[in-house]
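Hi,

Here is the model I said I'd pass on to you. Open it up next to this email, and I'll walk you through what turned up.

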Amino acid sequence: MQPLRIALAQVAPRLGDLDANLARHHELIAESRAGGAGLVVFPELGLTGYLLQDLAAEVAMRLDDPRLTSLAAATRDLSAVVSFVEESGDHRLFIAAALLEDGEVRHVHRKIHLPTYGLFDERRFFAAGGMIRAVPSRLGVGVGLAVCEDFWHLSTAQLLAMDGAQILVNVSSSPGRDLARTHEVGLGTAGSWRGLMRTYAQLTTSFVVFCNRVGVDESLSFWGGSEVIGPTGAPVFGAPMFDEGLFMVDIDLADVRRERIGLPLLRDERPELVAREWRRLIAERAGLAEDATAAPGSAPGFDVAVDR
Amino acid sequence: MFILPDELAIDTDVARRVIGAFIRGQLKQAGFGRAVLGLSGGIDSALVAYLVAEAIGADRLLCVMLPYRTSSPASQGDAEAVIADLGCAGELVEITGMVDGYFGRDGVPGEGGGEAREAAPLRRGNFMARTRMAVLYDRSVTWRGLVVGTGNKTESLIGYTTLFGDSACAFNPIGDLYKSQVRQLSAAIGVPEAVIRKAPSADLWPGQTDETEAGFSYPELDRLLFWRIDKRRSIDEVVALGFERALVERVDRMVAGAEFKRQVPPIAKLGPRTAGVDYLYPRRRPGSAAR
């Protein structure tokens, strides 16, 4: 048995009010500790609210910001994932998730996929992260952090698992939409997320921890429904949709070993083959190699031939 | 009680939860605890009254009835029934004097001059809608509540609204629901059946109804808009679904022609930072709530 109690802080951040949200994080970290949790997870931009627009620069923190380090200091004998706007030394703004452990900022993940379509406009206000790394944790297993849209790209979960993560943590500010009665859980967004989280857990034979916010920013209503999925792809816990709360979930990390021995998918991955084919595709897209699927006569880097 | 096309059917429980939290969120962010709306006796404003009452309690809601002298007495009866059923505050403000004061009455010109006496019904209807808006925003001050919008998605898309009239509000809980969905949600939340059943009308003159005036039924129009807009189907694709091409093209023109009604007016870009262009803030942020 490797028991771990996870606290899902399904909060409704106050938009642009860093001080109020910081205070709430301190309270909930203390409450999680008192409840025996080893890992507490807050949602994407839980320290700032989501729909910041030009407020992003005003609530941004550098990694050495005393407000962040004081939050880290509150994590003795505890792991916490928090999310905020990070300003780099050269003044780029990132949507960041940080793993705070034993009083320190252990690891920072900068959101790598910024949705800028439909109702999203993230690329206008933020820079995209350029690294995806799992990190060893005081929990005894590797942890992989991802932020919301990062999970809508298959490579994220695969890279984190191959890099040693046994717990994939996704922090989200997912706005609910599509109320068609035909959806299983009454909300199209929730159905989509549930499907992909189960799939990722199963294919990476890892725990998936999903913390999604609730509350309202302007037109957008965030649906919560935070979850923990086991390494078989079966849900361990699902928080209610739309309700604020701190939800405690007990898992056994030994489930990862059992699943990976029985179903050695990660053992059988072919990273060298994947990397080779990616290199080929990248070269084709850049016009540096011949594209086998392009129409005959296409110019380099294009896939449709133009009559001249 | 009404026709609900399959593809438009929504989960009304989820809708009520989302809308309830939306209403509470909007009021909280603005620093208000109360709401006010214009109650016509029609289904849209009735539904919003029920949604607001469910979200914040009927004691925090003021419904203002704003009839003109030609408004249907039955509509006012329906509005009174809604107020009684909810147990919210209700108020009657006749707009006849204000409207006739401008257009004139009984051969006597009003402040609008002699020409205004000949104003067509549409022009008068728009004036009435803006008069109601002016009253609601005044009551918003005395009631200390935000004005809640009651326009639905169908009428917004086809432009069946008055700019700065019925479309004016602090926030709108049902602006993303088609008329058919308004009916579905109204039935779920308990809007009186008489209100749900009656033919939708702008009530600008006796016997006027939206559907006879526009020449299509709401379920048909809602389906068409859903496929064209929400599901991004081309004109040819919706014709293949069975819609008549002439109707599709006419509705397309209505939607395009009403684009301006759905947006904030453009400001000439002159300075370094311009509201709505490159000065982009959430409507409410720390420090912006009413004291």
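Let's start with a small puzzle: in which loop of chain A is the place of A:F242? Look between strand 13 (235–238) and strand 14 (245–252) of chain A, and you'll find A:F242 in the loop there. Before you go further, keep in mind that this is a predicted model.

Why pick that residue? Its backbone is a bit unusual. Most residues other than glycine have a negative phi. A:F242, though, has a positive phi, near 75°, and is not a glycine. A:F242 also counts as buried, because 22 other C-beta atoms lie within 10 Å and 20 or more is what it takes.

A:D102 makes a nice partner for it. Phi of A:D102 is positive too, near 50°, again in a residue other than glycine. You'll spot A:D102 in the loop between strand 4 (93–101) and strand 5 (104–110) of chain A. Is A:D102 buried or partly exposed? With 13 C-beta neighbours inside 10 Å, A:D102 comes out as partly exposed.

Next, helix 6 of chain A, residues 188–204. Helix 6 of chain A has 17 residues, which at 1.5 Å a residue should span 24 Å, and its end C-alpha atoms are indeed 24 Å apart. Its buried residues are A:T189, A:A190, A:W193, A:M197, A:Y200, A:A201 and A:T204. Around the axis these cover an arc of only 100°, so they sit on the same side of helix 6 of chain A. Among the elements covering them are helix 5 (154–162), strand 8 (165–172) and strand 9 (207–212) of chain A. Strand 11 (220–223) and strand 12 (227–229) of chain A are also included in that cover. Just past the end of helix 6 of chain A, A:T205 has a positive phi of about 45°.

Now over to chain B, where helix 3 (residues 73–86) invites the same kind of look. Helix 3 of chain B has 14 residues and reaches 20 Å from its first C-alpha to its last, close to the 20 Å expected. Which residues of helix 3 of chain B are buried? They are B:D78, B:A79, B:V82, B:I83 and B:L86. Seen down the axis, the buried residues of helix 3 of chain B fall within an arc of 140°, so they line one face. On the other side, B:P73, B:A74, B:G77 and B:A84 are exposed. The buried residues pack against helix 2 (43–56), strand 2 (61–65), strand 3 (89–92) and helix 8 (193–197) of chain B. Just after this helix, B:G87 takes a positive phi of about 75°.

While you're in chain B, find helix 1 (residues 12–30) and helix 7 (residues 179–189). Their axes come within 10 Å and cross at roughly 90°, so helix 1 and helix 7 of chain B are roughly perpendicular to each other. B:T12, B:A15 and B:R16 in helix 1 meet B:Q184, B:L185, B:A188 and B:I189 in helix 7. The residues of this contact divide into four nonpolar, two polar and one charged.

Last stop: where the chains touch. The contact takes 20 residues from chain A and 18 residues from chain B. On the side of chain A, the largest share, three residues, comes from strand 10 (residues 214–217) of chain A. By class, that side of chain A has eight nonpolar, seven polar and five charged residues.

Have fun with it!

Key. Residues are numbered from 1 along each chain as its sequence is written. Chains are lettered from A and ligands numbered from 1 in the order in which they are written. This is a predicted model: local features need pLDDT of at least 70, side-chain atom pairs count only at pLDDT 80 or more; totals for chains, interfaces and linings use all residues. Helices (H or I, at least four residues) and strands (E, at least two) are DSSP runs, numbered from the N terminus. The expected span of a helix is 1.5 Å times one less than its number of residues. A residue is buried if 20 or more other C-beta atoms lie within 10 Å of its own, exposed if 12 or fewer, and partly exposed in between; C-beta atoms are placed from the backbone. The arc is that of the directions from the helix axis to the C-beta atoms. Two residues are in contact if their C-beta atoms, placed from the backbone, lie within 7 Å. Axes are lines fitted to C-alpha atoms, for helices over the stretch in contact, and angles run from 0 to 180 degrees between N-to-C directions. Angles under 35 degrees count as roughly parallel, over 145 as roughly antiparallel, 65 to 115 as roughly perpendicular and the rest as oblique. Ala, Val, Leu, Ile, Met, Phe, Trp, Tyr, Cys and Pro count as nonpolar, Asp, Glu, Lys and Arg as charged, and the others, Gly among them, as polar.
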